[in-house]
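Colleague: I would like a close look at a single part of this model. Please work outward from one residue to its surroundings, and give the reasoning where there is some.

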Amino acid sequence: MRSQKMAVLPPDTEATRLQSPTDVCGLLAETINQVRCGLMDSRIATTVGYLAGTLLRGLEHGQLDDRLTKIEAKLGIVDSTRREMMPNASAKSISPN
């Protein structure tokens with residue numbers, strides 16, 4: 001049985017701050033260039049790409065949640081349990097008839 005060499009980044013690789021879609025795009029551009037130049041194993045790049053996509057979705061959800069929270073605040077809706085009306089806000093009740 002042959003042992004596979006694990007693809008890893010060099011120990012002096014610096015952590016990258018990823019707090020915005022722009023940051024993630026920068027990381028992806030850097031990763032693509034490193035793969036193209038033979039400086040990064042494609043398995044690492046594949047993992048970075050997958051995780052970057054997951055992170056982007058999370059960032060998008062966070063941005064949408066922030067926007068929704070602001071809208072809810074203007075409408076007098078509490079964000080904690082989502083759609084729970086504040087005591088002073090008027091609510092229309094729907095009757096079955």
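Does Gln19 count as buried or exposed?

Modeller: Gln19 counts as exposed, because its relative accessibility is 52% and the cut-off for that class is over 50%. This is a predicted model, and the class is computed from its atoms.

As for its place in the chain, Gln19 sits in the segment before H1. The C-alpha of Gln19 is 9.1 Å from that of Leu55, although 36 residues separate the two in sequence. Leu55 is one of the residues through which helix H2 meets H1, so the next step is that helix pair.

Helix H1 covers residues 21-36, and helix H2 covers residues 42-75. Their axes lie 10 Å apart, at an angle of about 170°. H1 therefore runs roughly antiparallel to H2, since an angle over 145 degrees falls in that class. From H1, the contact takes in Pro21, Val24, Leu27, Leu28, Thr31 and Val35. From H2 come Ala45, Val48, Gly49, Ala52, Leu55, Leu56, Leu59 and Gln63. Sorted by class, the residues of this contact are 11 nonpolar, three polar and none charged.

Two residues of H1 show the contact in more detail. Leu27 belongs to helix H1 and has a relative accessibility of 17%, so it counts as buried, the limit being under 20%. Leaving aside residues up to four places away in sequence, Leu27 touches Thr16, Leu18 and Val48. Val48 is on the H2 side of the helix contact. Leu27 can also be placed against Ala52: the two are 25 residues apart in sequence, with 8.4 Å between their C-alpha atoms.

Thr31 is also in helix H1. Thr31 is buried, because its relative accessible area is 5%, under the 20% limit. With residues up to four places away again left out, Thr31 touches Met40, Ala45 and Val48. Val48 thus appears among the partners of Leu27 and among those of Thr31.

Now the whole chain. The protein has two helices and two strands, in the order α-α-β-β from the N terminus. Of its 97 residues, 12% count as buried; Leu27 and Thr31 are in that class, whereas Gln19 is exposed. The protein exposes about 8500 Å², with carbon and sulfur atoms supplying 57% of that area. Among contacts with a separation of 6 or more, 39% join residues 24 or more positions apart.

Last, the confidence of the prediction. The mean pLDDT of the protein is 81, and 73% of the residues score at least 70. Of the elements, H1 has the highest mean, at 95, and strand E2 (residues 84-85) has the lowest, at 50. Residues 89-97 have a pLDDT below 50, and this stretch makes three contacts in the model beyond near neighbours in sequence.

Technical notes. Residues are numbered from 1 along each chain as its sequence is written. This is a predicted model: local features need pLDDT of at least 70, side-chain atom pairs count only at pLDDT 80 or more; totals for chains, interfaces and linings use all residues. Side-chain values use heavy atoms; hydrogens and water are left out. Helices (H or I, at least four residues) and strands (E, at least two) are DSSP runs, numbered from the N terminus. Buried means under 20% relative accessible area, exposed over 50%, partly exposed in between (1.4 Å probe, protein chains only). Contact means heavy atoms within 4.5 Å. Accessible areas come from the Shrake-Rupley method with a 1.4 Å probe; for residues, only the protein chains shown count as cover. pLDDT is the predictor's confidence in each residue, from 0 to 100. Axes are lines fitted to C-alpha atoms, for helices over the stretch in contact, and angles run from 0 to 180 degrees between N-to-C directions. Angles under 35 degrees count as roughly parallel, over 145 as roughly antiparallel, 65 to 115 as roughly perpendicular and the rest as oblique. Ala, Val, Leu, Ile, Met, Phe, Trp, Tyr, Cys and Pro count as nonpolar, Asp, Glu, Lys and Arg as charged, and the others, Gly among them, as polar.
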